[in-house]
Amino acid sequence: MFGAIRHSISSANGCCSTTMVARGLKSWPGGKKYNGFTYYPRKGEVDPPYTPTKLFMVQRVKPYLYNPYWQKKILTDMGLDHKTSDIAIVKNTPEMNLRLWKVKHLIKITPIQTPDGLPEKDDLWGTHLDSEGVFRVAKCYNPDFKRLEATEEFEKLTKRVDKVSMEKNCRNKWLNPWSTIV
């Protein structure tokens, strides 16, 4: 498996020379081929199952100006050409990953994790995306529809004091402070 290779090293004046033995490593069988390298796992080592995320949260961290036009175009297409605090949500597809690779030095990519699952049609009231990329769905934040209807009915009442009449009354009180007009 190992082959010995002899190297002879001598000094510039030629008075002393030493011989070193280096062992060359032949290629090992059974490696897993990945894009650009071969991985040789240890005996008994098993890769944990990994499911890639469906979405990425992308934020620009470097300046937009003084970059080549093709990088500016990618950032503009994602909507990251304004403030650095803006974020873009993009799909995890090979085409988008290629575009993100071209501007990887200008952005921060965070995979979006969904520990509570994706929201359903009625769960859109209580969703929140953290800065760490955790998308939370709280099913208990649904509004009370009876209270919403009561608020709408209250706003339609004629006996209710509205903003215009309150401002008119306060202005009248300000202009005539000693009058008996209420």
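This is a walk through a predicted model of a protein, from its overall layout down to a few single residues.

Let us start with the layout. The protein has four helices and nine strands. Read from the N terminus, these elements follow the order β-β-β-β-β-α-β-α-β-β-β-α-α. Of the 182 residues in the protein, 15% count as buried. If you look at contacts with a separation of 6 or more, 43% of them are accounted for by residues 24 or more positions apart.

Now to the interior. The largest nonpolar core is made up of 14 residues, and Val 58, Met 78, Leu 80, Val 90, Leu 100 and Ile 107 are the ones with the most contacts inside it. Two or more residues of this core come from each of β5 (55-60), α1 (69-78), β6 (87-91) and α2 (94-102). Among these contributors, α1 gives the most, with three residues.

Two members of the core are worth following by eye. Take Leu 100: once its neighbours within four places in sequence are left aside, Leu 100 is in contact with Phe 56, Val 58, Met 78, Val 90, Ile 107 and Ile 109. One of those partners, Ile 107, belongs to strand β7, which covers residues 107-111. Its relative accessible area is 8%, which falls under the 20% cut-off, so Ile 107 counts as buried. With neighbours within four places again left aside, Ile 107 is in contact with Val 58, Gln 59, Arg 60, Val 61, Leu 75, Leu 80 and Leu 100. You can also find Pro 63 from here: Ile 107 and Pro 63 are 44 residues apart in sequence, and their C-alpha atoms are 9.7 Å apart in space.

Next, the two helices that feed the core. Two packed helices are described by the angle between their axes and the distance between the axes. For α1 and α2, the angle is about 125° and the axes are 9 Å apart. That angle makes α1 oblique to α2. The crossing of α1 and α2 is left-handed. On the α1 side, the contact is made by Gln 71, Lys 73, Ile 74, Asp 77 and Met 78, while α2 brings Met 96, Arg 99, Leu 100 and Lys 102. Sorted by character, the residues of this contact are four nonpolar, one polar and four charged. Met 78 and Leu 100 thus appear both in the helix contact and among the core residues with the most contacts.

Finally, two tyrosines give a view away from the core. Tyr 66 sits in the loop between β5 and α1. Most residues other than glycine have a negative phi. The phi of Tyr 66, however, is near 65°, a positive value in a residue other than glycine. With a relative accessible area of 78%, which is over the 50% cut-off, Tyr 66 is exposed. The other tyrosine, Tyr 34, lies in strand β3, which spans residues 32-34. Tyr 34 has a relative accessible area of 39%, so this residue is partly exposed. Leaving aside neighbours within four places in sequence, Tyr 34 is in contact with Tyr 39 and Asp 47.

Definitions and conventions. Residues are numbered from 1 along each chain as its sequence is written. This is a predicted model: local features need pLDDT of at least 70, side-chain atom pairs count only at pLDDT 80 or more; totals for chains, interfaces and linings use all residues. Side-chain values use heavy atoms; hydrogens and water are left out. A nonpolar core is a set of buried Ala, Val, Leu, Ile, Met, Phe, Trp, Tyr and Cys residues joined through side-chain atoms within 4.5 Å. Buried means under 20% relative accessible area, exposed over 50%, partly exposed in between (1.4 Å probe, protein chains only). Contact means heavy atoms within 4.5 Å. Axes are lines fitted to C-alpha atoms, for helices over the stretch in contact, and angles run from 0 to 180 degrees between N-to-C directions. Angles under 35 degrees count as roughly parallel, over 145 as roughly antiparallel, 65 to 115 as roughly perpendicular and the rest as oblique. A crossing is left-handed if the near helix is turned anticlockwise from the far one by less than a right angle, and right-handed if clockwise. Ala, Val, Leu, Ile, Met, Phe, Trp, Tyr, Cys and Pro count as nonpolar, Asp, Glu, Lys and Arg as charged, and the others, Gly among them, as polar.
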